[in-house]
Amino acid sequence: MIYKKTDMNRKTISDRVSFEGVGIHSGERSRILIHPAEPGDGIRFYIRGVEIPASFEYVSNTVMSTDLEREGVTVKTVEHLLAVFHLLGISDAIVEFLEGFEVPIMDGSGYEFYIMLKDKIVDTGVYIEPIDLKGYVRVGESGCYIEAHPSVSFEVTYKGSINHIDCGDIFTYSGGDPEEIVKARTFCYLEDVDTILEKGYGKGGSTGNVLIIGKEGIHSDEGLRYPDEPLRHKVFDLIGDLYLLGAPIRGMIVSYNGGHSLNIELIRNIVKSLPAVKLL
Ligand code: ZN
């Protein structure tokens, strides 16, 4: 997508929106209230008296989800909500936790966030400086790496094979209709479920909020929403993590089997590659 001038304005929401549900990893009930914010405030989480900016600087965990921490207080699994903010261009909002500490997983995708937020967007008319890559950035090793190339447009690709289902191995989001990716759900493999639970993750997971892929096919309350839904979810996750840069990015990002850890490593390396004035 080549950005139009209005795409580069700061945006907030017209009024408050709440979401509630379960945290996919903690299994705890969670309730969040998203408030409008002033241009320049950025995206901030507000929990138990602590404000945590949605910035890579506060990332405390990237195993199974992207979590932020400040002053000993954690907000967990921020990536899907951030992906929807990124896709809608919402740059300024406060996400207050009324209960729990993990963003509710909803149906495993960003669709409910998207539907509730998309008609409440307010263009503040204040320009937001996009992050322009100044050169090629690469993180990871052979077989599992991410490349970022300078570009006038924004494009995110995930390349990797998905076990058990025949869905190709590449998907690119070029900044078109967010509905190409917002409905894509979190997924895992049936053979990994016991290990995930033993390690203390996925306590809130169910066939209603995770696409479980097994040798015999899909174990979920509904079938695939897109033939290549897992690939699209990987792109969606990456777009969420990228928003921890604090501004929209212009560039072509290609992930080869990457996940949250590499996504955050990429962000840190992108920031290092930028002139200091671009840091937020
Ligand atoms: Zn995800």
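**Notebook: S65, the zinc site and a small sheet**

I started at S65, whose side chain makes a polar contact with the side chain of K76 at 3.5 Å (N or O atoms within 3.5 Å, one able to donate a hydrogen and the other to accept it; residues adjacent in sequence count only if both atoms are side-chain atoms).

Note to self: this is a predicted model, where local features need pLDDT of at least 70, side-chain atom pairs count only at pLDDT 80 or more, and totals for chains, interfaces and linings use all residues. Residues are numbered from 1 along each chain as its sequence is written, and side-chain values use heavy atoms, with hydrogens and water left out.

I placed S65 in the loop between β6 (59-61) and β7 (67-70); strands are DSSP runs of E, at least two residues, and helices are runs of H or I, at least four, numbered from the N terminus. S65 is buried, at 0% relative accessible area (buried is under 20%, 1.4 Å probe, protein chains only).

Next I looked up the zinc ion. H80 (NE2), H233 (NE2) and D237, through two OD entries, coordinate the zinc ion at 2.1 to 2.7 Å. Donors are N, O and S atoms within 2.8 Å of the metal (3.2 Å for Na, K and Ca), and water is not among the atoms, so the site may look incomplete. I noted H80 in helix α1 (residues 79-88) and D237 in helix α4 (residues 229-242), 157 residues apart. Both H80 and D237 are buried.

Last, I checked an open sheet of three strands, ordered β16-β17-β18 with mixed pairing (strands pair if DSSP finds at least two bridges between them). Its edge strands are β16 (187-189) and β18 (217-219).

Methods: Buried < 20%, exposed > 50% of the residue type's maximum accessible area, 1.4 Å probe, protein only.
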